[in-house]
Amino acid sequence: MRFAVVQFGGSNCDRDVLHAVSDVCGVDCDLVWYKDGITKDYDAIVIPGGFSYGDYLRAGAIAARTPVMEGIRRHAAAGGLVLGICNGAQIGAESGLVPGTFTTNATPKFICRPICLRVETTASPFTRLYKEGEVIRVPIAHKEGRYVASPEELTRLNAEGRVAFRFCDADGNVTPVANPNGAAENITGVLGGPAKNVLCLMPHPERASEEVLGSADGKKIFLGMIRGIEEAGSRA
Amino acid sequence: MIFRATITIGLKEGMLDPEAAAIRHALGNLGFVTGDLRTKKLFIIRFEAADQQEAEEKAKAMCERLLANPVIHRYEVEVGA
């Protein structure tokens with residue numbers, strides 16, 4: 001099993017993800033410079049956080065139009081796992097891996113703090129190890145993380161169980177007060193792909209993958225992916 | 001033939017514009033009482049095209065494929081020689 005973490009100029013959470021995947025979860029993981037493209041048959045591709053292309057034009061807009069994204073789109077279309085974290089989620093939305101977009105926070109400032117998320121579905125490789133409705137603590141660090149989608153798209157996301165995470169309070173209540181960036185319906189994690197095999201989320205699970213970091217709640221996202229890959233391998 | 005496209009990209013009607021709200025607030029601090037305030041991005045691009053129609057199509061394609069995000073933006077294109 002092998003993960004890839006794609007590095008763009010301006011990525012800055014690439015090594016954090018590498019640490020979480022390889023040292024914490026014990027899975028082989030390559031750092032892949034975007035200009036080198038996806039040349040191996042990876043089991044999962046992670047687009048990490050950062051400020052690719054300095055957030056010029058819109059966060060994620062320019063990275064989303066680089067040739068490496070063709071390979072990532074093909075991987076996703078074939079059912080391969082793709083995880084976009086923070087800037088990676090913005091890139092994923094800009095490249096159409098998930099519907100909607102992530103734009104300037106309702107109060108236009110950078111927010112960096114631990115928040116609570118409610119797990120909305122366990123029917124995805126990323127959320128399978130959680131319990132539905134479980135409250136997890138994972139930090140956010142963004143200025144352009146307010147999820148926006150058309151009313152029709154929101155209806156479809158809800159109907160198809162493609163909302164992975166919503167901002168909530170410590171008791172799991174999804175309220176406007178618990179919504180740090182004004183996201184539509186408190187949504188901050190969206191599932192895409194033919195088999196919910198793409199997750200784009202603004203919070204940073206790699207920054208909550210060990211108790212020493214204050215929370216290990218995010219680790220189950222990586223472990224869920226690994227479990228899914230193992231099961232698919234044993235079926236093959 | 002060289003054409004010059006003037007492309008203006010703004011948020012769709014009804015979209016929250018936090019940046020504009022902050023600017024309006026700052027104007028208020030300076031004593032300027034303002035009503036509606038919107039921000040837009042302006043692109044002035046020179047490029048080659050066979051004729052006016054192709055130039056307009058190219059400018060529109062630039063908006064559709066990169067400059068604007070259809071989820072939140074609307075755009076206006078003016079093309080001249």
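Me: Before anything else, what counts as a helix or a strand here?
Reply: Helices and strands are DSSP runs, with at least four residues for a helix and at least two for a strand, numbered from the N terminus. Keep in mind that this is a predicted model.

Me: OK, so in what order do the elements of chain B run?
Reply: Starting at the N terminus, chain B goes β-α-β-α-β. That comes to 2 helices and 3 strands.

Me: How are those 3 strands arranged in the sheet?
Reply: They form an open sheet in chain B, in the order S2-S1-S3, with antiparallel pairing. The edge strands are S2 (40–48) and S3 (73–80) of chain B, and each of them pairs on one side only. From one strand to the next, the twist averages 20°.

Me: What holds strands together in a sheet, generally?
Reply: Strands of a sheet pair through backbone hydrogen bonds, and the pairing can be parallel or antiparallel.

Me: Back to chain B. How many bridges are there between S1(B) and S3(B)?
Reply: There are 8 bridges, in the antiparallel sense, between strand S1 (residues 2–11) of chain B and S3(B). If you want a spot to look at, find Thr8(B), which stands opposite Glu76(B) in S3(B).

Me: And where does helix H2 of chain B lie?
Reply: Helix H2 (residues 52–67) lies across S1, S2 and S3 of chain B, and runs at about 155° to S3(B).

Me: What about the radius of gyration of chain B?
Reply: Chain B has 16 Å, whereas a compact globule of 81 residues would have a value near 12 Å. The C-alpha atoms of chain B fill a box of roughly 50 × 25 × 15 Å along the principal axes. Buried residues make up 17% of chain B.

Me: Switching to chain A: how many helices and strands?
Reply: Chain A has 5 helices and 11 strands.

Me: Why does the radius of gyration of chain A agree with a compact globule?
Reply: Because a compact globule of 236 residues would come out near 18 Å, and chain A has 16 Å, which agrees. Its C-alpha atoms fill a box of roughly 45 × 40 × 40 Å along the principal axes. In chain A, 56% of the 236 residues are buried.

Me: Last topic: how many residues are in contact between the chains?
Reply: 8 residues of chain B are in contact with 14 residues of chain A. Helix H1 (residues 18–29) of chain B gives the most to chain B's side, with 3 residues. By class, that side of chain B has 6 nonpolar, 1 polar and 1 charged residues.

Key. Residues are numbered from 1 along each chain as its sequence is written. Chains are lettered from A and ligands numbered from 1 in the order in which they are written. This is a predicted model: local features need pLDDT of at least 70, side-chain atom pairs count only at pLDDT 80 or more; totals for chains, interfaces and linings use all residues. The radius of gyration is taken over C-alpha atoms; the globule rule is 2.2 Å times the number of residues to the power 0.38. A residue is buried if 20 or more other C-beta atoms lie within 10 Å of its own, exposed if 12 or fewer, and partly exposed in between; C-beta atoms are placed from the backbone. Two residues are in contact if their C-beta atoms, placed from the backbone, lie within 7 Å. Ala, Val, Leu, Ile, Met, Phe, Trp, Tyr, Cys and Pro count as nonpolar, Asp, Glu, Lys and Arg as charged, and the others, Gly among them, as polar. Two strands pair if DSSP finds at least two bridges between them. Axes are lines fitted to C-alpha atoms, for helices over the stretch in contact, and angles run from 0 to 180 degrees between N-to-C directions.
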